Amino acid sequence: MTCGNARAYRPSEDAQLPNRNHFYLSVTGEGQYFRVRPSNSSVLEGGEVTISCEVGNRVGTVQWVKDGFAYVIQQNGEIVGHPRLKLIGDQSSGIFNLKITDASLTDDGEYECQVGRYLRIKPIRASAHLIVTCQTVMAVVCATFLNLELWLRYFHLLAVLTSQ
């Protein structure tokens, strides 16, 4: 059955599809795509961050990769070996967000949301960088600026006093 440049795809009986009760409509030039791409973000050590990934027309398997290492994601969204990471969102609606709790400096890096190939549908991928800032560093930076401000006030006061 065809309609313009669209064709209905009816999987064979032994095909392993996410849901065999649905027909997948493929339009020439249109495949799976990102509705929301992951975006660069930062989090304070010990904080919580969610990296978004929403997919339209998804037929391939979604996985998250950090610095080239693919996470193993269980059905319940938990990530094997990484108890602070979890896949959250309504997967049936194409939402595959990665939530990181109690952020650690080891979480800093490049994250990639990947959607695999399915039959003739091409794979897609999008990445974002996460920066985890150390609380100690932030405290030192704040203290340094505070000390700088105090020194500037001192020198200003000294300049005022010596000019009189």
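**Exercise 1. Find how much surface the protein chain exposes, and which atoms supply 55% of it.**

Solution. Step 1: the protein chain exposes about 11100 Å²; accessible areas come from the Shrake-Rupley method with a 1.4 Å probe, and for residues only the protein chains shown count as cover. Step 2: carbon and sulfur atoms supply 55% of this area.

Before you go on, some ground rules. This is a predicted model, in which local features need pLDDT of at least 70 and side-chain atom pairs count only at pLDDT 80 or more, while totals for chains, interfaces and linings use all residues. Residues are numbered from 1 along each chain as its sequence is written, and side-chain values use heavy atoms, leaving out hydrogens and water.

**Exercise 2. Work out which strands stand at the edges of the open sheet.**

Solution. Step 1: recall that helices (H or I, at least four residues) and strands (E, at least two) are DSSP runs, numbered from the N terminus. Step 2: write down the order of the five strands, E5-E14-E13-E8-E9, with mixed pairing; two strands pair if DSSP finds at least two bridges between them. Step 3: look at the ends. E5 (41-44) and E9 (69-70) each have a single partner strand, so one side of each lacks a neighbour in the sheet. Step 4: now zoom in on E8 (residues 62-66) and E13 (residues 109-115), which run antiparallel and are joined by five bridges. In E13, Gln114 is the bridge partner of Gln63.

**Exercise 3. Locate the disulfide and say which parts of the chain the pair ties together.**

Solution. Step 1: find the one disulfide (a pair of cysteine sulfur atoms within 2.5 Å) in the structure. Cys53 and Cys113 form it, with sulfur atoms 2.0 Å apart. Step 2: place both ends. Cys53 lies in the loop between E6 and E7 (54-56) and Cys113 in E13, so the pair ties together parts 60 residues apart in sequence. Step 3: check the handedness; the torsion about the S-S bond is about -65°, so this disulfide is left-handed.

**Exercise 4. Decide whether Cys53 is buried or exposed, and do the same for Thr136.**

Solution. Step 1: apply the cut-offs: buried means under 20% relative accessible area, exposed over 50%, and partly exposed in between (1.4 Å probe, protein chains only). Step 2: Cys53 has 0%, so Cys53 is buried. Step 3: Thr136, in helix H1 (residues 135-163), has 54% and is therefore exposed. Step 4: for the whole chain, buried residues make up 28% of the 164 residues.
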